[in-house]
Amino acid sequence: MKTNLDFTPLYRSSIGFDRMVDMLESASRVASFDNWPPYDIAKDDQYRITMAVAGFPQDQLTVTYQPNMLVVSGSQSGDENGQYLYRGINGRAFERRFELADHVKVEGASLENGLLSIDLKREVPEEMKPRKIEISSGAPMPKIEAPKVETDKLAA
């Protein structure tokens, strides 16, 4: 059952949340949920994505970072060495996309024992961190006056 959500009320009452609404709309358009390769996302002080990519050597995996997007893809060469009676290890090409929040950066990636681990860290810029504002106890702040509208000119 597919439900189309109408985000129009959000556009009327919120400012600056366009990106979030666009992400919700794109998530609702996902046609099928491909669950291969399996992956975990862990969070401590940082984030770590761990993907099970058994059978993929390092040179056939690609991790691409763009602002607010992480793309992990893999493709195996068509080398068929012999006939298989049963093939349980999936070797098909894949591409997995992860939407990243603002200021999340990729720290590094490693492949060990068939597990691809990608470390992510949120780095909030210094100008966006909370800061304490000093309260002065001296001369009062200058008064800000609202601009006056000349009604004579508007009537003409």
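How many salt bridges does the count come to by this rule, a side-chain nitrogen of Lys or Arg within 4 Å of a carboxyl oxygen of Asp or Glu? The count comes to three. The model is predicted, so local features need pLDDT of at least 70 and side-chain atom pairs count only at pLDDT 80 or more, while totals for chains, interfaces and linings use all residues. Residues are numbered from 1 along each chain as its sequence is written, and side-chain values use heavy atoms, with hydrogens and water left out.

One salt bridge joins the side chains of Asp119 and Arg48 at 2.6 Å, N to O. Asp119 belongs to strand β7 and Arg48 to strand β2, so this pair ties together parts 71 residues apart in sequence; strands (E, at least two residues) are DSSP runs, numbered from the N terminus. Asp119 is partly exposed at 23% relative accessible area, and Arg48 is partly exposed at 39% (buried is under 20%, exposed over 50%, partly exposed in between; 1.4 Å probe, protein chains only). Glu95 and Arg97 form another salt bridge, at 3.3 Å, and both are exposed.

Turning to the interior, the largest nonpolar core (buried Ala, Val, Leu, Ile, Met, Phe, Trp, Tyr and Cys residues joined through side-chain atoms within 4.5 Å) has 15 residues, and Leu70, Val72 and Phe94 have the most contacts inside it. Strands β2, β4, β5 and β7 each supply at least two residues of this core, and β7 gives the most, with three. Strand β7 also holds Ser117, which is buried at 13%. Beyond four places in sequence, Ser117 is in contact (heavy atoms within 4.5 Å) with residues including Arg48, Ile49 and Thr50.

Note on methods:
Helices (H or I, at least four residues) and strands (E, at least two) are DSSP runs, numbered from the N terminus.
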